[in-house]
Amino acid sequence: MSNQSYLSICHQNKDGAVKNDTETSMPSAPIPINAGGREGNGKKKTRRAMPWMRFSRNGNTEVIECDTRTIMKRVSIPARDLRIRGPLFSSSSNILGREKSIIVNLENIKAIVTANEVLLLDPLRPQVLSLIDQLKKQFPQRNVPEDIQSSQEAEEGIQSELPFEFQVLESAFEVVCSFFDTRVTSLETEALPVLAELIEKVTRENLRIVRSLKSNLTCLIASVQKVKDEIEHLLDDDKDMAEFYLTRKVIQSQQEDVEDLEMLLEAYLIQVEGTRNKLHTMRKYIDDTEDYVKIKQKDKRNRLLVFKLMISRASFAISAGTLVVSLFGMNIPIPLYNTNGVFGYLVLGVFVMCIVLFMFTFGKAGWEKLL
């Protein structure tokens with residue numbers, strides 16, 4: 001980690017108090033890190049600490065490890081906002097506005113945003129690292145107090161640019177949309193040659209690859225759809241969007257318009273819809289290719305059936321000739337045996353009879369439109 005990053009490991013001593021192994025030169029956090037507590041019967045209750053990256057509005061970074069209860073106290077959110085998502089967050093996409101924070105759950109980005117800082121879960125994930133880099137570009141490190149000192153100072157910040165929480169949201173959406181675009185490009189690059197080869201020749205390996213691609217495509221469409229649904233849900237309710245104005249709440253502004261957030265969400269809704277349309281186009285192309293392959297296979301199956309039917313007719317005609325020959329091969333006295341040169345005529349007659357019988361059955365099948 002760079003010289004801007006600090007590690008603060010929280011644990012519990014024998015008396016249930018908390019101490020930090022490493023003292024940082026950062027400004028004081030809103031609430032000190034607390035790693036645990038006691039149950040009512042006097043036994044210690046162990047809670048698993050999770051790594052979080054703390055990024056302040058002044059560009060300062062810090063890695064902390066703390067449990068769920070500590071996070072709840074730090075950002076003033078109820079337990080249900082964390083518990084309904086499994087250990088901390090689930091794989092679904094949600095953005096929740098609370099009194100003093102915004103809970104962001106987009107793909108692998110799990111974050112809690114306040115007016116002064118953002119807490120990022122699992123900071124070593126690729127998407128989270130991309131978001132941290134994005135935030136560092138937007139908020140270079142400055143040696144000024146992190147807390148908002150006055151309403152006038154915060155109001156000047158609102159007038160000059162988007163509030164801190166909206167800039168974090170914008171960066172998160174940007175990272176997620178870039179991730180989706182990268183996945184779409186990767187799928188297109190991998191799928192197009194395989195589909196073209198599948199059209200020319202159907203093999204088990206090609207079918208296996210196409211099935212894997214279709215599975216990945218379905219999962220990606222579901223992820224994009226979740227983000228799209230969440231944005232649309234927010235756009236449908238002005239009251240929910242008003243909860244996202246954390247800086248406005250700090251300065252106790254009475255403004256009720258949500259135009260800035262609405263424009264931000266609409267911009268990324270268009271981008272997400274474009275990605276979703278690309279994915280549906282790709283899935284339709286895969287489905288069309290599969291339908292074409294099925295048509296080719298049905299055509300080959302029909303040809304095999306026709307060939308089998310022709311073989312059956314030929315066998316029937318030959319069987320009729322074999323019957324005639326077998327009749328003459330029996331040890332029964334017939335005057336025809338004493339006729340000179342009759343063998344050649346008999347063989348020729350049987351051969352002609354087989355051909356006529358074959359053509360008759362073939363013509364009859366065509367007349368009945370069985371071919």
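The following passage describes the nonpolar cores, the aromatic contacts and the annotated membrane segments of a predicted model.

The largest nonpolar core comprises 60 residues, and Val118, Leu169, Ile231 and Leu261 are those with the most contacts inside it. Two or more residues are given to this core by each of several strands, namely E5 (50–56), E8 (102–106), E9 (109–113) and E10 (117–121), and by the helices H3 (126–138), H5, H6 (204–235) and H9 (259–328). Helix H5 supplies the largest share, 16 residues. When residues up to four places away in sequence are not counted, Leu169 touches Ile95, Ile102, Val104, Phe244, Leu261 and Leu264. A second core, separate from the one just described, contains 13 residues, including Met50, Leu82, Ile103 and Leu121.

Aromatic contacts were examined next. A search of the whole structure yields 5 aromatic pairs. One of these joins Phe166 and Tyr245 in an edge-to-face arrangement, with 4.6 Å from centre to centre and 80° between the planes. The pair connects distant parts of the chain, since Phe166 belongs to helix H5 (residues 164–200), whereas Tyr245 lies in the loop between helix H7 (238–242) and helix H8 (246–250), 79 residues apart. Phe166 has a relative accessibility of 0% and therefore counts as buried. Tyr245 is likewise buried, because its relative accessible area is 4%, below the cut-off of 20%. The ring of Tyr245 has a further neighbour: Arg248 lies over its face, at 3.9 Å from the ring centre. Elsewhere, Phe55, Phe139 and Phe164 form one aromatic cluster.

Helix H3, one of the elements that contribute to the largest core, also contains Ser130. With a relative accessibility of 36%, Ser130 counts as partly exposed, because this value falls between the limits of 20% and 50%. Ser130 and Ser171 are separated by 41 residues in sequence, and their C-alpha atoms are 9.3 Å apart in space.

Two segments carry the annotation "transmembrane region" in an unreviewed UniProt entry, residues 304–330 and residues 342–362. In the model, the chain over residues 304–330 is 93% helix and 0% strand, with 38 Å between the end C-alpha atoms. Over residues 342–362 the chain is 100% helix and 0% strand, and the end C-alpha atoms lie 30 Å apart.

Methods. Residues numbered from 1 in each chain as written. Predicted model: local features only at pLDDT ≥ 70, side-chain atom pairs only at ≥ 80, totals over all residues. Heavy atoms only, no water. Phe/Tyr/Trp six-rings, centres within 6.5 Å; stacked < 30°, edge-to-face > 60°. Helix = DSSP H or I, 4+ residues; strand = E, 2+ residues; numbered from the N terminus. Buried < 20%, exposed > 50% of the residue type's maximum accessible area, 1.4 Å probe, protein only. Lys NZ or Arg CZ within 6 Å of the ring centre and 35° of its normal. UniProt positions renumbered as here; feature names shortened; annotations may be inferred. Core = buried A, V, L, I, M, F, W, Y, C linked by side-chain atoms within 4.5 Å. Contact = heavy atoms within 4.5 Å.
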